[in-house]
Amino acid sequence: MSDPIKAFVAQSPPIDSVREEAARCCDETARVLRGERGRLRTPEDRLLAEFCDAAFGVAAEVAMVVCDALKTARLAFRPDFPWDTAAALLRNGWQRGHKLLPHIVGTGAKA
């Protein structure tokens, strides 16, 4: 079975074309996970979708990078944290190929 995120990245649009919409998608997904709102209307809802396919894909792509870094560091986190962090990363210029290295205060940086 192939990884859907890798499949999306292989044929995806540039992040810059959907950057702000993807960041808003991350914010709204975090709100859903905190119970602050109802479910997101996804592209499966057709014309009622809140965000375009590309924005959903980019949001998930960046949130997964954050989630993977947290899991690598074996850190506990709330489900909304990767989405909030992904929104901040997107708004601050995140690009494909950027690395997110986990760092635990007091353990020193990895070489």
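This short talk walks through the helices, the loops and a few side-chain pairs of one protein structure.

Before anything else, please keep in mind that this is a predicted model, in which local features need pLDDT of at least 70 and side-chain atom pairs count only at pLDDT 80 or more, while totals for chains, interfaces and linings use all residues. Residues are numbered from 1 along each chain as its sequence is written, and side-chain values use heavy atoms, with hydrogens and water left out.

Let me begin with the overall layout. The protein has 4 helices and 0 strands, and from the N terminus on its elements run α-α-α-α. When I say helix or strand, I mean a DSSP run, H or I over at least four residues for a helix and E over at least two for a strand, numbered from the N terminus. Of the 111 residues, 32% count as buried, where buried means under 20% relative accessible area, exposed means over 50%, and partly exposed lies in between, with a 1.4 Å probe and protein chains only. If we take the contacts with a separation of 6 or more, residues 24 or more positions apart account for 65% of them, a contact being heavy atoms within 4.5 Å.

I turn now to helix α2, which covers residues 19-33. This helix has 15 residues and reaches 21 Å from its first C-alpha to its last, close to the 21 Å expected at 1.5 Å a residue; the expected span is 1.5 Å times one less than the number of residues. Its buried residues are Arg 19, Ala 22, Ala 23, Cys 25, Cys 26, Glu 28, Thr 29 and Ala 30, and what covers them includes α3 (53-72) and α4 (81-91). Just after α2, Gly 35 takes a positive phi of about 80°.

Two of those buried residues are cysteines, and someone may well ask how many disulfides a search of the whole structure finds. The search finds 0, a disulfide being a pair of cysteine sulfur atoms within 2.5 Å. The sulfur of Cys 25 is 6.0 Å from the closest cysteine sulfur, which belongs to Cys 26, and that is too far for a bond. As for their surroundings, Cys 25 is buried at a relative accessible area of 1%, and Cys 26 is buried at 0%.

The loop between α2 and α3 holds two residues that I would like to point out. Gly 38 is found in this loop, and at 45% relative accessibility it counts as partly exposed; its C-alpha is 9.7 Å from that of Glu 28, which is 10 residues away in sequence. Arg 46 lies in this loop too, with a phi near 60°, a positive value in a residue other than glycine, and at 71% relative accessibility Arg 46 counts as exposed.

Moving further along, the loop between α3 and α4 contains Arg 74, which has a positive phi of about 55° although it is not a glycine, and which is exposed, with a relative accessible area of 79%. Asp 80 is also found in the loop between α3 and α4, and here I would ask whether Asp 80 counts as buried or exposed. At 3% relative accessibility, Asp 80 counts as buried. Its side chain is joined to that of Arg 78 by a polar contact of 3.1 Å, meaning a pair of N or O atoms within 3.5 Å, where within protein one must be able to donate a hydrogen and the other to accept it, and residues adjacent in sequence count only if both atoms are side-chain atoms. Leaving aside residues up to four places away in sequence, Asp 80 touches Ala 30, Leu 33 and Arg 34.

That brings us to α4, whose buried residues are Pro 82, Trp 83, Ala 86, Ala 87 and Leu 90. They cover an arc of only 140° around the axis, which puts them on the same side of α4; the arc is that of the directions from the helix axis to the C-beta atoms. As general background, an α-helix has 3.6 residues a turn, so residues three or four places apart point the same way. What covers the buried residues of α4 includes α2 and α3, and just after α4, Gly 93 takes a positive phi of about 95°.

Finally, a search of the whole structure finds 1 aromatic pair. The rings of Phe 51 and Phe 56 have centres 5.7 Å apart and planes at 80°, so this pair is edge-to-face. For such a pair, the ring centres of Phe, Tyr or Trp (its six-membered ring) must lie within 6.5 Å, and planes under 30 degrees apart count as stacked, over 60 as edge-to-face and the rest as tilted. Both Phe 51 and Phe 56 are buried.
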